[in-house]
Amino acid sequence: RTKKGEESKYQRASIMSSVDKEIEPLRSLLVSIVSRLEQLEAKAGVSPPPASSGGGGGAVEEELHPSLKAYDTHIEETVKPFVNACNDLPGLKNIGSLILETWMTIRSIIHLGTKCKKPKDVATALKPLLTAVQTPVQSISKMRLDRDYDWHQKAIMEMLVSISWVVCVPPPNPSMFVKETIGSTDFWSNKIRKMYKGKDEKQILFCDALKKLIQDLAKYCQEFHLSGLFWNNARGVDMESVDVNEFLAGAEVKEAKKEAPKPAAAPAAAAAGGGAAALFGELAAKRTNDGTSAATGLRKVTKDQQTWRKEFKGGEPTTTPTTTAKPTTTTAAVAVPAKKKKGPPKCEYQNQGSKWNIENQTKDDNTGLGSSGMLEITITDAKQQVYIYKCENITINVTGKLKSIILDSCSKTNILFDSAISACEIVNCKRVQVQTRGLCPSVSIDKTDGCLVYLSKESLSSTSF
C-alpha cells in the first residue's frame with residue numbers, strides 16, 4: 001500500500017507539473033490583458049473598484065483618481081508659479097491667493113465628478129460649488145488697483161473666463177474653450193511686454209506664467225475632460241445621496257494645509273494692520289445706538305471728483321464767489337463749445353481736383369444759405385465732386401450732374417442731389433438723410449449710426465449698396 005500511495009503521489013505531481021506548463025502561456029496572456037485594461041481605464045478616467053479590506057486593522061487612504069492627480073500636478077507646475085509671479089508685483093495685492101482659491105474650488109468639482117454619476121441638471125447640482133468659484137473672481141474684478149496695473153487686471157479677468165470649462169457642453173469642447181481665451185489674454189499681456197521689455201523682468205515673467213497656465217489647463221482638459229467634465233457613470237453614486245458642501249469643505253482644508261507654513265509674514269502683517277485696526281476701533285466706539293457714527297453726514301465723493309478716474313473734470317470753482325473767479329468760469333464755459341469746431345466754416349470750389357469743399361456748416365453759422373433755408377450748390381461740370389465734412393443740423397441741395405459726393409463726420413445733415421456718375425459715400429456720420437433725384441450707381445455706408453437713403457424710381461433697379 002505504501003508503494004502504491006507513493007506511486008499515485010508521484011503521478012499526481014507529474015500531472016500537475018504538466019498542467020502548469022500548459023497553462024503558463026495562458027496565465028501570462030491574462031496578466032498582460034489585465035495590465036492593458038488597467039492602463040485603458042486610467043487613460044479614460046474610469047476609477048478602479050475599491051480594494052477590499054482583508055481584515056487589516058487600520059484604515060487605508062483612498063487612492064486619488066488619475067484626473068485629480070493630473071490636476072494637482074497642473075496646480076503645482078503652472079498655477080503656483082503664476083501665483084508667485086503675482087505676489088512678486090507689489091501692485092497686484094492679494095490676487096495670487098484669490099486665483100489659488102479659485103483653482104482649489106475647481107478641484108473640488110473635479111473630485112465630485114469622480115465620485116458621482118452625471119446629474120440631469122449639472123448647473124443646479126453644482127450651484128454651491130459654482131457660487132464658491134464666483135466669489136474670488138468677483139473680488140478680483142472689483143479691486144481698485146493702481147493705473148500701472150490696469151492691463152494686468154484685465155489680462156487676469158480674460159484668463160478667468162477659462163474656468164467656465166467645468167460647465168462647458170460641446171461644441172466647443174473644454175480644451176478648445178480654454179484655448180479661445182489665449183488671444184484675448186495676449187492682447188493685454190503684449191501691452192505689458194512692450195512697456196516693460198528690458199526694464200522689469202518680473203513683468204515679463206508674469207506674462208509668461210499667465211500664458212503657460214492657460215496652455216497647460218487646455219492640455220489637461222484635452223486628456224481627461226474631452227467631452228465635458230468627467231462623471232463616474234460606471235461606478236459612481238447618485239448626486240442626491242452626496243452632500244456637495246463636504247467637497248467644498250475638503251477643498252478649503254486642503255488649501256489651508258498648503259498655505260499654513262508662513263510664520264515670518266505674520267509679524268509684518270500685524271505691524272502693518274495695527275494702525276488701521278486702531279482707527280476702525282475708534283470709529284466703532286463713536287457709533288451711537290441710532291446707527292450714526294463719525295462718518296455720518298459726510299458728503300459723498302462722486303466719480304467726477306475723484307482725480308484718478310477718467311470722469312474727473314478738473315478743478316471746481318470755490319464755494320466763495322470772488323471777482324477773479326467769475327471771468328475764469330465764464331472763459332471755461334465759452335471754451336467748451338469752441339472745441340466742437342475744428343475750423344471756420346467753408347464753402348468753396350477748388351480748381352485743382354475739381355472739388356467742392358463744404359466744411360463745418362451749421363444752420364446758424366454758414367456761408368451761403370438760400371431763401372429756402374438750404375445751402376445751395378450748383379454743379380457746372382460733370383467732372384466735379386462734392387466733399388462735405390463736419391456739417392451739423394443743415395440741409396444741402398446739390399443741383400446738376402456730378403462725379404461723386406462724400407459725407408464725412410456729419411451729424412443731423414440732409415443731402416439732396418440730382419445724379420452721380422460714380423457713387424455716394426457716407427462715412428463716420430450720425431443721423432443723416434440722403435436723397436437722389438436722378439441716378440446713383442452705388443451708395444457706400446461705413447461707420448455710420450442712423451442713415452436714411454431715398455432713391456428715385458429710375459435708381460431703384462440700378463443702385464447697389
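Trainee: Which strands form a hairpin, and how many residues lie between them?

Mentor: This is a predicted model, so read every feature as a prediction. Strands β1 and β2 form the hairpin, with 4 residues between them. In the turn, G353 has a positive phi of about 95 degrees.

Trainee: How many bridges join β1 to β2, and do they run parallel or antiparallel?

Mentor: Start with the general idea. Strands of a sheet pair through backbone hydrogen bonds, either parallel or antiparallel. Here β1 (residues 346–350) and β2 run antiparallel, joined by 5 bridges. To find the register, look at Q350, which stands opposite K355 in β2.

Trainee: Which way does β2 run relative to β4?

Mentor: Parallel. Strand β4 (residues 385–389) is joined to β2 by 5 bridges. I358 has I388 of β4 as its bridge partner.

Trainee: How many residues of β2 are buried?

Mentor: Strand β2 covers residues 355–359, and 4 of its 5 residues are buried. The strand is therefore largely enclosed by the rest of the structure.

Trainee: What is the strand order in the open sheet?

Mentor: Read across it: β3-β5-β7-β9-β11, 5 strands with parallel pairing. The edges are β3 (375–378) and β11 (449–454). Each has a single partner strand, so one side of each is left without a neighbour in the sheet. From one strand to the next, the twist averages 15 degrees.

Trainee: How many bridges pair β9 with β11?

Mentor: There are 5, in the parallel sense, and β9 spans residues 430–436. For one pair to locate, take V434, whose bridge partner in β11 is V453.

Trainee: Which residue in strand β9 has a positive phi?

Mentor: The general rule comes first. Most residues other than glycine have a negative phi, and most peptide bonds are trans. R431 has a phi near 55 degrees, a positive value in a residue other than glycine. R431 lies in strand β9. With 57% relative accessibility, over the 50% cut-off, R431 counts as exposed.

Trainee: Where is N428 found?

Mentor: N428 is in the loop between β8 (424–427) and β9. N428 also has a positive phi, near 55 degrees, and is not glycine. Its relative accessibility is 36%, so N428 counts as partly exposed.

Trainee: Turn to the helices. At what angle do α6 and α8 pack?

Mentor: About 10 degrees, with the axes 11 Å apart. Angles under 35 degrees count as roughly parallel, so α6 is roughly parallel to α8. On the α6 side, H152, A155, I156 and M159 make the contact. On the α8 side, Q203, F206, L210, L213 and I214 do. By class, that contact has 7 nonpolar, 2 polar and no charged residues. Helix α6 covers residues 150–160, and helix α8 covers residues 201–224.

Trainee: How far apart are the axes of α3 and α6?

Mentor: They are 13 Å apart, at an angle of about 0 degrees. That makes α3 roughly parallel to α6. The contact joins I95, I99 and W103 of α3 to I156, M159 and L160 of α6. It has 6 nonpolar, no polar and no charged residues.

Trainee: Are α7 and α8 roughly parallel or antiparallel?

Mentor: The angle is about 175 degrees, and the axes are 9 Å apart. Angles over 145 degrees count as roughly antiparallel, and α7 and α8 therefore fall in that class. Their contact divides into 13 nonpolar, 7 polar and 5 charged residues.

Trainee: How many residues does the largest nonpolar core have?

Mentor: In soluble globular proteins, nonpolar side chains tend to be buried together. The largest nonpolar core here has 62 residues. Those with the most contacts inside it are F82, W103, I156, M159, W165 and F206. Helices that each supply at least two of its residues include α2 (66–87), α3 (95–115) and α7 (174–196). The largest share, 11 residues, comes from α8.

Trainee: What is F82 in contact with, leaving aside its neighbours within four places in sequence?

Mentor: I99, I156, M159, F206, A209, L210 and L213. Another core, of 25 residues, lies apart from the largest one. Among its residues are V386, L407, I426 and V432.

Trainee: How many helices and strands does the chain have?

Mentor: The chain has 11 helices and 11 strands. Of its 465 residues, 32% count as buried.

How values were computed: Residues numbered from 1 in each chain as written. Predicted model: local features only at pLDDT ≥ 70, side-chain atom pairs only at ≥ 80, totals over all residues. Heavy atoms only, no water. Axes fitted to C-alpha atoms, helices over the stretch in contact; angles between N-to-C directions. Parallel < 35°, antiparallel > 145°, perpendicular 65-115°, else oblique. Contact = heavy atoms within 4.5 Å. Nonpolar A, V, L, I, M, F, W, Y, C, P; charged D, E, K, R; others polar. Pairing = 2+ DSSP bridges. Buried < 20%, exposed > 50% of the residue type's maximum accessible area, 1.4 Å probe, protein only. Core = buried A, V, L, I, M, F, W, Y, C linked by side-chain atoms within 4.5 Å.
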